[in-house]
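Here are a few exercises to work through with the model open beside you. Try each task before you read its solution.

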Amino acid sequence: MWKRKRVLRSKGYCHCCRSETKFESDQEWLRDHYVCVKCFSLPRQRHVQYVLDNFVPGWESLNVHESSPSVDLIARYCTSYSSSQYLPNTPLGALKDGTRCENLESLTFDDNVFDVFVTQDVLEHVFRPDLATKEIMRVLKPGGLHVFTAPKHRNIPLSYPRAVMQNGAVHHLHDCQYHGSPVGDGKALVTWDYGSDFEYLLGRWTSCPTTTYLTRDRNLGLDGEYLDVFVTRKLTP
């Protein structure tokens, strides 16, 4: 009987399902294939929850909002969790089939609402990340945290937009690239390529400090490409 080849197999603890497990990949591109056999989490998802568990004590009881989640791994443990997606042709702040519509560039939430705001692989799909990160800081409480992932390319010194929105139309500055999306047609246009200056840009956009975490530990299923987790803390007055 044919069995798929395992490129990598390890045992350890998964921060997403909080149990001893096995991590397996049948491809060399670990970012999308190095899964936990119990909860099917990916390395970046496990790293986000590793950072929450280790650097945000008691996050499970905080007021957490997640933008554009593709899985319920954080929602499973948080007692005050909410989420939203950007849904075309739906009024901002409205519910569609139980899902709240929000645009990161213009959130409808009041100021100082959330303790933690999570975005996983979202900022590379917004046209104005400067507005999005400012909006996230606005809705966070003083001292609140934006915990997020976004591909940071080691071979790109200066970040640049791949596409811009002008007069309601998308103008492509480079060839079109798409990633998977949990809504719509399943495709999300890549609008920005981030490089070595990413944290500098975040500081310029938000006037708040960002800490970058990079952990490689196969006992925790943490390995692969673009594993960085960024944490921007809203300053207190």
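Buried here means under 20% relative accessible area. Keep in mind that the model is predicted.

**Exercise 1.** Work out which residues of helix α2 are buried, and what covers them.

*Solution.* Start with the helix itself, residues 129-139. Going along α2, you should tick off Pro129, Asp130, Ala132, Thr133, Glu135, Ile136, Met137 and Val139 as buried. That's eight of the eleven residues, so α2 is largely enclosed by the rest of the structure. Next, look at the cover: it includes the strands β8 (114-120), β9 (140-149), β15 (192-193) and β17 (229-233), along with helix α3 (198-206).

**Exercise 2.** Check the span of helix α1 against what its 13 residues should give, then decide how enclosed the helix is.

*Solution.* First, the length. The expected span is 1.5 Å times one less than the number of residues. For residues 43-55 that comes to 18 Å, and the end C-alpha atoms of α1 are indeed 18 Å apart, so the two agree. Now burial: Pro43, Arg44, Gln45, Arg46, His47, Val48, Gln49, Tyr50, Val51 and Leu52 are buried. With ten of 13 buried, α1 is largely enclosed, too.

**Exercise 3.** Find the residues that touch the most other members of the largest nonpolar core, and see which elements feed into this core.

*Solution.* The core has 23 residues, and the ones to pick out are Leu104, Phe117, Leu123, Tyr194 and Phe198. As for elements, β8, α2, β9 and α3 each supply at least two residues. Don't mix this core up with a second, separate one of 19 residues, which includes Leu52, Val56, Leu220 and Leu222. Back to Tyr194: leaving aside neighbours within four places in sequence, its contacts include Leu123, Pro129, Ser159 and Trp205.

**Exercise 4.** Is serine 159 buried or exposed, and which polar partners does its side chain have?

*Solution.* Locate serine 159 in the loop between β9 and β10 (160-161). Its relative accessible area is 14%, which means it is buried. Then go through the polar partners. The side chains of serine 159 and aspartate 197 are joined by a polar contact of 2.6 Å. A polar atom of the serine 159 side chain also lies 2.9 Å from the backbone nitrogen of glycine 195. To finish, list what else serine 159 touches beyond four places in sequence: Trp192, Asp193, Tyr194, Phe198 and Leu201 are among them.

Terms used: Residues are numbered from 1 along each chain as its sequence is written. This is a predicted model: local features need pLDDT of at least 70, side-chain atom pairs count only at pLDDT 80 or more; totals for chains, interfaces and linings use all residues. Side-chain values use heavy atoms; hydrogens and water are left out. Buried means under 20% relative accessible area, exposed over 50%, partly exposed in between (1.4 Å probe, protein chains only). Helices (H or I, at least four residues) and strands (E, at least two) are DSSP runs, numbered from the N terminus. Contact means heavy atoms within 4.5 Å. A nonpolar core is a set of buried Ala, Val, Leu, Ile, Met, Phe, Trp, Tyr and Cys residues joined through side-chain atoms within 4.5 Å. A polar contact is a pair of N or O atoms within 3.5 Å; within protein, one must be able to donate a hydrogen and the other to accept it, and residues adjacent in sequence count only if both atoms are side-chain atoms.
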